[in-house]
Amino acid sequence: MVRHGEAEEPNQEVQDKDRKLVKKGIKQMRRVGSFLSEVNFLPERVISSPFIRAYQSADVILDEMELEMQIETEDFLLPSSDPTTVMQALVQLDGNVMVVGHNPLLENVIKALTGGEVSLKKGGIALVEVEKEKGVGTLELLLDQKTLKLL
């Protein structure tokens with residue numbers, strides 16, 4: 001799971017769903033893509049919130065990884081979604097899936113899957129191994145941008 005990068009500040013001229021990544025956010029997502037390439041994480045599917053900043057984040061990561069894949073947008077990843085619904089959708093998926101979305105939704109999904117409380121900052125990565133049969137997950141990795149800069 002990846003939380004989108006830094007985006008435009010909320011304002012009255014741009015709807016929340018249309019807020020775009022700023023330069024810092026693009027740089028953050030390039031860092032995520034570089035890290036995922038280095039550890040040989042190859043997603044079989046990429047699922048994003050339909051909000052522009054999340055979709056852009058997924059696109060920049062794939063570009064950095066030099067992967068040409070379709071980004072699927074799912075309304076169940078909207079910021080206002082129910083974490084239980086998202087968790088139920090995710091445990092049905094097979095293989096390596098990269099999910100790009102928002103907080104507090106992603107933190108709540110991680111808690112629903114693993115039982116653990118985490119802080120997933122903008123541009124952060126959480127690797128959750130999901131046991132489909134049990135409908136639970138294990139948090140394998142949690143990285144923020146400060147740590148990614150050091151790697």
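**Close-up 1. Arginine 45 and its salt bridge to glutamate 72.** Arginine 45 is partly exposed in this structure, its relative accessible area being 30%. The structure shown in this and the following views is a predicted model. The side chain of arginine 45 meets that of glutamate 72 in a salt bridge, with a distance of 2.6 Å from N to O. The two partners belong to distant parts of the chain, since arginine 45 sits in strand E2 (residues 45-48) and glutamate 72 in strand E3 (residues 71-73), 27 residues apart. Side chains of opposite charge are able to pair when their charged atoms come close.

**Close-up 2. Aspartate 16 and arginine 53, a salt bridge with one partly exposed and one buried partner.** This title rests on the accessibility of aspartate 16, which is partly exposed with a relative accessible area of 36%, and on that of arginine 53, which at 5% relative accessibility counts as buried. The two residues form a salt bridge in which the closest N and O atoms are 3.3 Å apart. This pair, too, links distant parts of the chain, with aspartate 16 in the loop between E1 and H1 and arginine 53 in helix H2 (residues 52-64), 37 residues apart. Together with Arg19, the residues Asp16 and Arg53 are linked in a network of salt bridges. In the model as a whole, the count of salt bridges comes to 10.

**Close-up 3. Lysine 17 and aspartate 18.** A salt bridge is formed between aspartate 18 and lysine 17, and the closest N and O atoms of this pair are 3.3 Å apart. Aspartate 18 counts as partly exposed at 31% relative accessibility, and lysine 17 likewise counts as partly exposed, at 38%.

**Close-up 4. The surroundings of histidine 4.** Histidine 4 is placed in the loop between strand E1 (2-3) and helix H1 (23-38). Its relative accessibility is 4%, and because buried means under 20%, histidine 4 counts as buried. The side chain of histidine 4 is joined to that of arginine 53 by a polar contact of 3.4 Å, and arginine 53 is itself buried, at 5% relative accessibility. When neighbours within four places in sequence are left aside, the residues in contact with histidine 4 include Met29, Ala54, Ser57 and Val100, as well as Gly101, His102, Lys122 and Gly123.

**Close-up 5. The cis peptide bond before proline 104.** The peptide bond that runs from asparagine 103 to proline 104 is cis, with omega near 5 degrees. Proline 104 has its place in the loop between strand E4 (97-101) and helix H4 (105-114). Most peptide bonds are trans, and most residues other than glycine have a negative phi.

**Close-up 6. Asparagine 40 and glutamate 66, which have positive phi values.** Asparagine 40 is not a glycine, and yet it has a positive phi of about 60 degrees. The place of asparagine 40 is in the loop between H1 and E2, where this residue is exposed, with a relative accessible area of 63%. Glutamate 66, another residue other than glycine, has a positive phi near 55 degrees. Glutamate 66 lies in the loop between H2 and E3; with a relative accessible area of 73%, glutamate 66 is exposed.

Conventions. Residues numbered from 1 in each chain as written. Predicted model: local features only at pLDDT ≥ 70, side-chain atom pairs only at ≥ 80, totals over all residues. Heavy atoms only, no water. Helix = DSSP H or I, 4+ residues; strand = E, 2+ residues; numbered from the N terminus. Buried < 20%, exposed > 50% of the residue type's maximum accessible area, 1.4 Å probe, protein only. Polar contact = N/O pair within 3.5 Å; in protein donor to acceptor, adjacent residues only side chain to side chain. Contact = heavy atoms within 4.5 Å. Salt bridge = Lys/Arg side-chain N within 4 Å of Asp/Glu carboxyl O.
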